[in-house]
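Hello,

Here is the structure I promised to pass on. My notes follow below it.

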Amino acid sequence: MKDTRLLAVWCPDWPVVAACTATGTSQHVPVAVLDGNEIVSTSAVARAEGIRSAMRKRMAESLCPELVTFEHDPQRDARFFEPVAEAVEELAPGIEVVQPGLVAVPARGPVGYFGSVEQAAERIVDHIAAKTNVEAQVGAADSLFAATKAAHRNVIVPPNRTAEFLRPLGVHELDAPELVDLLRRLGLKTLGAFADVPENAVASRFGGPATRQHRLARGLPERPLDKRRPAPELAVTETFDDPVDRIDSAAFAAKILSERLHENLANRSLACTRLGIHARTENDEELHRVWRAAEPLTPRGIADRVRWQLDGWLTRERLTSGIRTLTLEPVEVVNGTALQLGLWGHDDERAVRALLHVQGLLGPDGVLTPVLDGGRGPKEQVRLVPWGDERVPLQNPGHPWPGRLPRAPATLADDPADLRDSDGNEVGVTGRLELTARPRSLVVKGKAQEVTAWAGPWPVDERWWAPDPHRAARIQVQTPDQAFLLIRRDQRWFLEGVYD
């Protein structure tokens with residue numbers, strides 16, 4: 001019986017290893033790699049000092065003043081990982097790069113040659129160390145997700161025991177923060193507990209993306225085994241007049257060819273999940289690598305992987321000439337509806353990089369994002385926090401605050417307002433929280449409007465124990481064209497918000 005397991009070869013803390021290799025920094029000092037102001041990878045020495053992923057830079061440096069930091073650079077990670085991928089390929093042909101620091105390969109080849117998974121894993125680890133002086137760990141399981149988790153633990157999972165291996169692991173092992181948070185609140189704290197939920201219930205309650213995570217928790221492949229076989233004409237090829245031998249030229253070539261491949265796929269309502277990159281140098285050297293992606297690749301995702309791979313090839317000392325021909329081949333495709341564009345119709349990743357760039361120019365408080373918080377008024381219900389900080393409410397947004405608005409306005413304001421009755425007298429609020437008259441006209445920003453309806457008032461009675469308590473009252477006012485939120489404080493009306 002053939003071994004259908006996957007081998008995952010994982011190099012721990014790869015962004016740190018690549019950064020130290022590029023700069024000649026010792027890995028025996030505390031090192032962290034940052035994406036913006038957030039730590040994405042740490043060395044073992046840094047972890048011993050209490051430094052953790054997702055920690056803010058300022059906090060990390062307060063814990064460990066001697067911390068050495070580097071900016072996250074995926075291209076650098078890929079460039080220095082290429083020799084490791086080559087070392088694995090020398091013993092296990094047919095590898096697929098999942099990301100810099102992680103490759104996967106069907107177990108049956110190495111097992112058939114070396115006799116067992118354990119012997120194959122030992123030989124691969126020793127070979128990587130001898131060729132590249134890099135530490136690696138190997139895991140084996142029936143799915144890529146499980147094999148990766150096994151590699152993190154240096155474990156070989158027996159055939160047909162993948163689900164059993166995954167059951168006790170925490171749901172945080174899933175790369176889906178919002179789903180993980182929801183599962184924890186529902187009391188589903190382990191992958192086994194999540195796997196026990198019926199698949200149809202997951203699909204109806206949480207939607208399609210959660211269904212894929214449910215498959216992972218059950219030890220099944222990322223997608224069902226109904227993948228389409230790509231047609232040969234989907235591949236795109238470019239022959240360069242001048243051989244590509246510089247990184248900037250490679251980046252331009254990657255972008256152009258990636259757009260052509262994506263257009264070919266989009267015209268057939270397809271998306272790529274495994275990308276083959278083939279190159280031929282001017283001296284007829286053949287180069288080939290396959291990149292595997294958990295999600296369908298966006299145009300940006302295709303271009304990034306091609307650029308990373310070309311960078312890895314072009315910086316090798318043994319490459320004797322530039323690249324003359326480059327071919328991109330979709331090794332595996334899925335229905336194109338699986339590819340969902342994110343924020344503003346573009347890659348979420350691209351938007352995040354832009355925000356981090358602006359934050360780098362203006363400082364941490366230069367980019368703010370809203371967090372729904374507890375409180376009565378609209379200003380208290382929305383709190384702005386720096387981009388990248390934890391977006392957690394300080395108070396429960398769903399708490400039934402006395403005097404809380406039934407509906408908060410879309411636009412906040414703080415302008416004087418004038419509210420009058422039919423006789424032209426100012427409308428006030430009595431001690432019993434009643435209006436002194438029916439509102440008939442409203443003047444805001446110099447514009448007078450007829451009042452057609454109103455609701456309230458709602459009391460604001462805060463800091464009642466203090467020498468200077470805050471007492472006010474809010475009402476909602478409707479005019480023929482718009483609705484407004486007014487607040488009465490210090491015997492005057494102010495415009496506090498405008499409803500869409």
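Which residue in strand 3 is the bridge partner of V33? The partner is S41.

First, the ground rules. This is a predicted model, with local features needing pLDDT of at least 70, side-chain atom pairs counting only at pLDDT 80 or more, and totals for chains, interfaces and linings using all residues. Residues are numbered from 1 along each chain as its sequence is written, and side-chain values use heavy atoms, leaving out hydrogens and water.

Now the chain. It has 16 helices and 20 strands; these are DSSP runs numbered from the N terminus (helices H or I, at least four residues; strands E, at least two). Of its 500 residues, 45% are buried (under 20% relative accessible area, 1.4 Å probe, protein chains only).

Next, the sheet around V33. It is open, has three strands in the order 3-2-4, and its pairing is mixed. Strand 3 (38-42) and strand 4 (68-71) are the edges, each pairing on one side only. Pairing here takes at least two DSSP bridges between two strands. Strand 2 (residues 31-35) runs parallel to strand 4, with four bridges. There, V31 stands opposite V68. Strand 2 and strand 3 run antiparallel, also joined by four bridges. Their hairpin has two residues between the strands, and G36 takes a positive phi near 75 degrees.

Last, the helix. Helix 1 (residues 14-23) lies across strand 2, strand 3 and strand 4, at about 105 degrees to strand 2. Axes are lines fitted to C-alpha atoms, for helices over the stretch in contact (heavy atoms within 4.5 Å). Angles run from 0 to 180 degrees between N-to-C directions.

Best wishes

Notes:
Buried means under 20% relative accessible area, exposed over 50%, partly exposed in between (1.4 Å probe, protein chains only).
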